[in-house]
Structures are given as C-alpha cells and as structure tokens.
Amino acid sequence: MAWSELRRHVPNALTLARFAAIPVFAWLYVRAGDGAAWGAGVFFAAAALTDQLDGYLARRWEVQSDFGKVADPLADRLMIGTAVVLLWATGRIPALAALVVLGRDLALLLGYKLLAPRGLELEVTFLGKLATWVLYASLVFVLVTEEGTDWPIALLWIGVALSLGAGVQYGLRAWRHTHSGRDSRVQHEPRED
C-alpha cells in the first residue's frame with residue numbers, strides 16, 4: 001500500500017486507538033489503588049495527545065472523513081467520561097462536577113442523534129476544544145497528584161464551566177439550525193374587501 005493511501009487511514013487509526021485505550025486506562029487506574037496514579041495519568045495524557053494529533057494530521061493531509069467527524073469527539077467524550085466516573089467513584093472529584101460533565105456530554109450525544117437526520121453538523125468550536133483540553137489537563141493532574149490536592153480540582157471546575165459554555169454554544173447553534181428558514185412573522189389570511 002502506497003504512503004498516499006496509507007496516510008488516509010492514520011487519523012482514524014489514532015481515533016480507534018483512543019477507543020481501545022479506554023479499558024487499558026481504567027485497568028491502570030484501578031490497579032494503582034489509593035494515591036497518585038502515575039501510570040494511568042501518563043497513559044491518559046498520551047491518549048489525549050492523540051486527539052490533537054489525529055485532527056492535525058487529518059487537516060494537514062486533507063483526509064478528513066465522516067467517520068472521523070463523529071468518532072473523534074465520541075472517543076474524547078468516552079475517555080473523559082470514563083475518567084470522571086472512576087475519579088468520582090473513588091472520591092477524587094466532586095459528584096457535582098462529574099454529573100455536569102456527564103450530563104452535558106449525554107445531552108450533546110442525544111442532541112446530535114436527534115438533529116443529525118435533519119442535516120445538522122455540529123463542528124467543534126474553539127470553546128468546545130478549549131473545554132476538552134482543560135478537562136483533559138485537569139483530570140491528568142487529579143490522577144497524578146495526591147488525593148486532597150486543591151489546585152487540580154480548581155482547574156477541573158474551570159473545565160466544567162468552559163464545558164457548560166460550549167454546551168450552550170452548541171445548543172444555540174442547534175436551535176438556530178432547527179429554526180432557520182421559518183418565517184417568524186404572523187401569517188394572515190388575505191382579506192376580501
């Protein structure tokens with residue numbers, strides 16, 4: 001297979017690798033027990049880097065695909081969601097932060113499922129990407145620091161706030177899409193004088 005053909009598959013292979021990394025990350029975290037989970041943290045950070053790399057390569061090589069547009073953000077949401085559930089279950093992050101992150105992601109997935117048949121394509125916004133990166137970074141720092149360390153939790157709350165802002169932004173885009181083309185003026189029957 002020629003390099004030009006092979007490179008078309010590299011970004012999607014990185015996305016698939018992130019899906020495959022989820023159970024490995026969970027195993028490393030559970031295996032670490034109490035305290036800092038350096039193995040899980042480094043593995044999680046490496047998986048996060050593949051998110052940046054696959055998007056960069058797809059754009060650079062001009063090999064974006066419909067699969068990548070759906071699978072890439074889904075892999076991010078599942079990786080972050082798995083970390084949030086594990087960290088919440090072991091008392092490392094507040095329940096409210098976990099619920100907000102999971103709730104927003106669930107709302108986005110359901111919204112996409114409902115609106116995709118109507119032709120809505122939610123492209124990732126700068127705010128959405130920033131929220132994902134702050135969440136990834138904060139979760140890495142929670143993983144590699146001792147329980148009770150405050151600054152990673154403060155960073156997590158910033159990520160939660162950005163995530164909510166991005167969710168509102170996506171919601172407004174979806175609302176505009178579903179209401180575009182409708183005439184908001186009151187329609188009157190023609191009068192016969």
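Accessible areas are obtained by the Shrake-Rupley method with a 1.4 Å probe, and for residues only the protein chains shown count as cover. On that basis, the protein exposes about 11600 Å², of which carbon and sulfur atoms supply 64%.

The model is predicted: local features need pLDDT of at least 70, side-chain atom pairs count only at pLDDT 80 or more, and totals for chains, interfaces and linings use all residues. Residues are numbered from 1 along each chain as its sequence is written, and side-chain values use heavy atoms, with hydrogens and water left out.

The secondary structure comprises 7 helices and 0 strands; here helices (H or I, at least four residues) and strands (E, at least two) are DSSP runs numbered from the N terminus. Of the 193 residues, 38% are buried, where buried means under 20% relative accessible area with a 1.4 Å probe, protein chains only. Among contacts (heavy atoms within 4.5 Å) between residues at least 6 apart in sequence, 81% join residues at least 24 apart.

Helix α2 is described in the table by its length, span and bend. The expected span is 1.5 Å times one less than the number of residues, and a bend is the angle between axes fitted to the seven residues ending at a residue and the seven starting there.

| Feature of α2 | Value |
|---|---|
| Length (residues 10–32) | 23 residues |
| Span, first to last C-alpha | 32 Å |
| Expected span | 33 Å |
| Bend at Ala21 | about 35° |

Pro23 follows the bend within four residues. The buried residues of α2 include Leu14, Arg18, Ala21, Phe25 and Tyr29, and their cover includes α3 (38–60), α4 (66–89) and α6 (126–144). After α2 comes Gly33, with a positive phi near 75°.

Methods: Buried means under 20% relative accessible area, exposed over 50%, partly exposed in between (1.4 Å probe, protein chains only).
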